[in-house]
Amino acid sequence: QVSFVNCRQKGISHSMDNKQVLIEVSHLTHIYETEGEAPFYALRDVSLQINKGDFVAVIGTNGSGKSTLARHLDAILLPSEGDVLVDGLSVKNPDDIWKIRPYVLRNKGNPMEDEWEELGPMKPDNQLVASIVEDDVAFGPENLGVPREEIIARVADSLKKVGMESYRKHSPSMLSGGQKQRIAIAGVLAMHPECIVLDGPTAMLDPSGRKEVMETIHRLNKEMGITIVLITHFMEEAVTANRVVVIHKGQITADGTPEDVFSKVEEMKAGGLDVPVPTELSYRLAQLGLPIRGDCMTNKELGEELCRFVLKK
């Protein structure tokens, strides 16, 4: 699922050193009413700030509340308690709601309607709505009333930014899973967002497709300054973010750099989460007495530590 937060344009600098707050979650609680049972608290008193230009990975076990949080960031869901401010606009203010409510890519329905459908597994096919790639990318801007000449320019620019310009006349059904996700992201880019929220964008893809999508997401963050919020089950994806937020039973239990979060191997395991393979391996080797760092985040870091160890012998 790919969605965007369409913030007001203020000539904002895209410097990664700029720490202006884009999204502020304040004491957010979300309660799902259940028939004949006690209400279910998906989120409890969650507070979080996301800065412009951030790349934030949100991780947690199934049912932890991470997807519910994602749907609050772009105002698909409204708080039971607390508030969410997007560039200063409150999702609880009826006058502001349509200024920040996103277009959600899916296989049917009008993106401007009030009733939002749940997608099943995040299959790329569920996010494409047209028979030709360029028509699919144009779908969102058309529904926002963007003039035709500008739509044509946006489609071309968005496809170029995700490396899919040569496929504009292709049928989406003929593309690979990774290519379909890149088309879905192009459709979001055509709406000129400040922030993209991706909920499990690589969940149904093979390793090659996952690599394509992650490279695209990082390029948009680094080259265009677009804020990224990535909901993922893959720790090797989370470790590439500049910030990791851990949600457990509806509450934030960790928030920091990948090094800060994943170096606490035993705490992560106790919460039902894995850590990147290089991190666990280096941690276990250090426990066995090898004089290497116990917090390697990548294969490269682990390889360098092992080479230093071997060369010292």
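Contact here means heavy atoms within 4.5 Å. The model is predicted: local features need pLDDT of at least 70, side-chain atom pairs count only at pLDDT 80 or more, and totals for chains, interfaces and linings use all residues. Residues are numbered from 1 along each chain as its sequence is written, and side-chain values use heavy atoms, leaving out hydrogens and water.

**View A. Residues where helix 3 meets helix 5.** Helices (H or I, at least four residues) and strands (E, at least two) are DSSP runs, numbered from the N terminus. Val133, Asp136 and Val137 of helix 3 meet Ile183, Ala186 and Gly187 of helix 5. By class, this contact of helix 3 with helix 5 has 4 nonpolar, 1 polar and 1 charged residues. Ala, Val, Leu, Ile, Met, Phe, Trp, Tyr, Cys and Pro count as nonpolar; Asp, Glu, Lys and Arg as charged; the others, Gly among them, as polar.

**View B. The open sheet of 4 strands.** The strand order is 3-2-5-6, with antiparallel pairing. Strands pair if DSSP finds at least two bridges between them. Strand 3 (40-51) and strand 6 (89-90) stand at the edges, each with a single partner strand, so one side of each lacks a neighbour in the sheet.

**View C. Strand 2 beside strand 5.** Strand 2 (residues 21-32) pairs with strand 5 (residues 81-86) in the antiparallel sense, over 5 bridges. Ile23 has Val86 in strand 5 as its bridge partner.

**View D. Helix 1 across the strands.** Helix 1 (residues 66-73) lies across strand 2, strand 3 and strand 5. Helix 1 runs at about 125° to strand 2. Axes are lines fitted to C-alpha atoms, for helices over the stretch in contact, and angles run from 0 to 180 degrees between N-to-C directions.
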